Each structure stands twice: as C-alpha cells, then as structure tokens.
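Here's a quick tour of a protein model, written for someone meeting it for the first time. Have a look at the picture, then follow the bullets one topic at a time.

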Amino acid sequence: MIMLRKRGSRLAAMLAAMALAACVQGEQQSQSPDSTARNLTLAPTESTAALKDVPAPATEAAKPAPEKKAPVKKPAPPKPAPLMLAAGTRVPATASDSISTRSAKAGDPFTATVSQDVKDATGRVVIPAGATVSGTITAAEPAPNPNSSGRIELSVTSVSVRGVSYSIDGSVVAKDTVMKGRGVTGADAAKVAGGAVAGAIVGRLLGKNKKGTLIGGAAGAAAGAAAARQSRDIDIVIPKGAAITIKLNAPLTVKPA
C-alpha cells in the first residue's frame, strides 16, 4: 500500500509539471506580433537604439567649385527720337554784329544768335537759346535821299546746335533797322562848291562888282547845300543786338542731346 501511494504522488507531480509546461508554451505561442512590438516600444532607450539598423552617414564628396558665369550684358536703352520743328516755326534771334548798307554788299556773310529756346509741339527744346544762325546778305542798298527808301535783305543758310551745323531753309520775315545819314561827304562838298561858283558867276554878271560876286556866291552856296541835303545817301542799319525773326520754310530735324 505504501508503495502504491508513493508512485501515485510521483505520477501526479509529473502530470502537474507537464500541464504547467504546456500552459507556458501555449502562452508563448499565443503572443501576437502586436504584443511583441508593444514590448519593444516599452523597452529602454538603449535597447531601442540597438534595434534600429541605421547606417552611419556617408562622407559627403567635395563639391566642385562653382563655375563663373559670363556677365550678362544689359540691353542698350532705346535711342531718343530725333527732334523736329515744323515748317512755319518762328525762330527769334539777334544780330551778332552791326550791318550797314554803307559797308555791306550782297554776298557778305552775317551771323545771328538765337535769343530764346525754340520748342517742338511736345515742349522739347530743339534749338536752344545761344545757338548760332549763319547766312548771307542778299541786298544792301542805301537810300539815295531822305525821301526814298533803301533796302537790306538777309538769307539764312544754317544753324549750329550743340556744335553740330544743320542746313536750314528759312526766311528773315522781320528785322529791326534804323536809318542813318552819312553827313556831308566829298560828293556833297563838290555840290556845295559847284553851287557857290555858279552863284558867284551869276552875281558878277548881275552886279558887275565884288559885292555882287559875294552875294551871288552866298546864294549859290546855299543852293548847293540844299541840293546836297536832298541828294545825300541815307544808310539802312541793323544795329548789333537788333531783333531778327526767322521763319522756317521747311521742317528742321535735329539730333537729341
């Protein structure tokens, strides 16, 4: 009886051990991947770092030196449009020097200075004040006596703007002139002397004495002086600085500044 009890106890112990082992193995097999991942998440930082399979950063290759780019040329700004004055434009000027029919003759040159800016329709200055106008004298005729009129005519040929000369088709439509008598000239003296001689001859014929000669001479001289006054030349003068107005007969194009 005692032997049977001992064997029964051993058998029961073995069965209990086997049952416990089976339970442990079942629990291990029943663990899901999620529970494994959860257990890994709860692991210490050191173990997590050990599990990460991150390769060491590779050494970066040396970067090549940047290529020098050729400088980009900026496009040239557009050229400004030429300046133009329409036909009929008035150009105010002043005479650079005095012009007189006493010394001037047809074909002689003359110059004038533009007195104020001449602008186009948009307000741009085409001919600035101070520009030089050049031309020629086409007629220079003094008045033969105070009761007649002489004439002096001008023709413009070019205008100089900022050092560049431009041909100009224009006419002088107005100019300030004065009339200046020449006074007693050699011809006037001859007329007076001739009158005196003629008066003296007439006085001698009438009076037949020196007194009549003197009276006749005085009368002749007076007549000769009157004739001289009536016939002496009167010059037409354009004084220096006198106003001259030029009218363009054709359009004028000038390069911009």
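**A strand with two faces**

Let's start with strand β4, residues 109–114, where the side chains take turns. Phe 110, Ala 112 and Val 114 point to one face and are buried, while Pro 109, Thr 111 and Thr 113 point to the other face and are not buried. Keep in mind that this is a predicted model.

**How β4 fits in with other strands**

- On one side, β4 is joined to strand β2 (residues 90–95) by 3 bridges, and the two run antiparallel.
- Thr 94 has Thr 113 in β4 as its bridge partner.
- β4 is also joined to β7, this time by 5 bridges, and again the strands run antiparallel.
- In that pairing, Pro 109 stands opposite Thr 136 in β7.

**The barrel**

- What do these pairings belong to? A closed barrel of 6 strands, which runs β2-β4-β7-β8-β9-β12 with antiparallel pairing.
- Going from one strand to the next, the twist averages 40 degrees.
- Elsewhere in the barrel, strand β9 (residues 164–175) and strand β12 (residues 243–248) run antiparallel and are joined by 5 bridges.
- Lys 175 stands opposite Ile 244 in β12.

**The nonpolar core**

- In soluble globular proteins, nonpolar side chains tend to be buried together.
- In this model, the largest nonpolar core has 33 residues, and those with the most contacts inside it are Ile 99, Ile 127, Leu 154, Val 159 and Leu 252.
- Strand β8 (residues 151–161) supplies the largest share of this core, with 5 residues.
- Which residues does Leu 252 contact, once you leave aside neighbours within four places in sequence? They are Leu 83, Met 84, Leu 85, Ile 127, Val 159, Tyr 166 and Ser 167.

**Two spots outside the strands**

- Gly 150 sits in the loop between β7 (132–141) and β8.
- Gly 150 counts as partly exposed because its relative accessible area is 21%, and buried would need a value under 20%.
- Not counting residues up to four places away in sequence, Gly 150 touches Glu 141, Pro 142, Ala 143 and Ile 236.
- Gly 150 and Ala 139 are 11 residues apart along the chain, and their C-alpha atoms are separated by 9.7 Å.
- Ala 257 lies in the segment after β13 (252–254).
- Is Ala 257 buried or exposed? Ala 257 is exposed, because its relative accessible area is 86% and the cut-off for exposed is over 50%.
- Ala 257 and Val 125 are 132 residues apart in sequence, and 9.6 Å apart in space from C-alpha to C-alpha.

Notes: Residues are numbered from 1 along each chain as its sequence is written. This is a predicted model: local features need pLDDT of at least 70, side-chain atom pairs count only at pLDDT 80 or more; totals for chains, interfaces and linings use all residues. Side-chain values use heavy atoms; hydrogens and water are left out. A nonpolar core is a set of buried Ala, Val, Leu, Ile, Met, Phe, Trp, Tyr and Cys residues joined through side-chain atoms within 4.5 Å. Buried means under 20% relative accessible area, exposed over 50%, partly exposed in between (1.4 Å probe, protein chains only). Helices (H or I, at least four residues) and strands (E, at least two) are DSSP runs, numbered from the N terminus. Contact means heavy atoms within 4.5 Å. Two strands pair if DSSP finds at least two bridges between them. Axes are lines fitted to C-alpha atoms, for helices over the stretch in contact, and angles run from 0 to 180 degrees between N-to-C directions.
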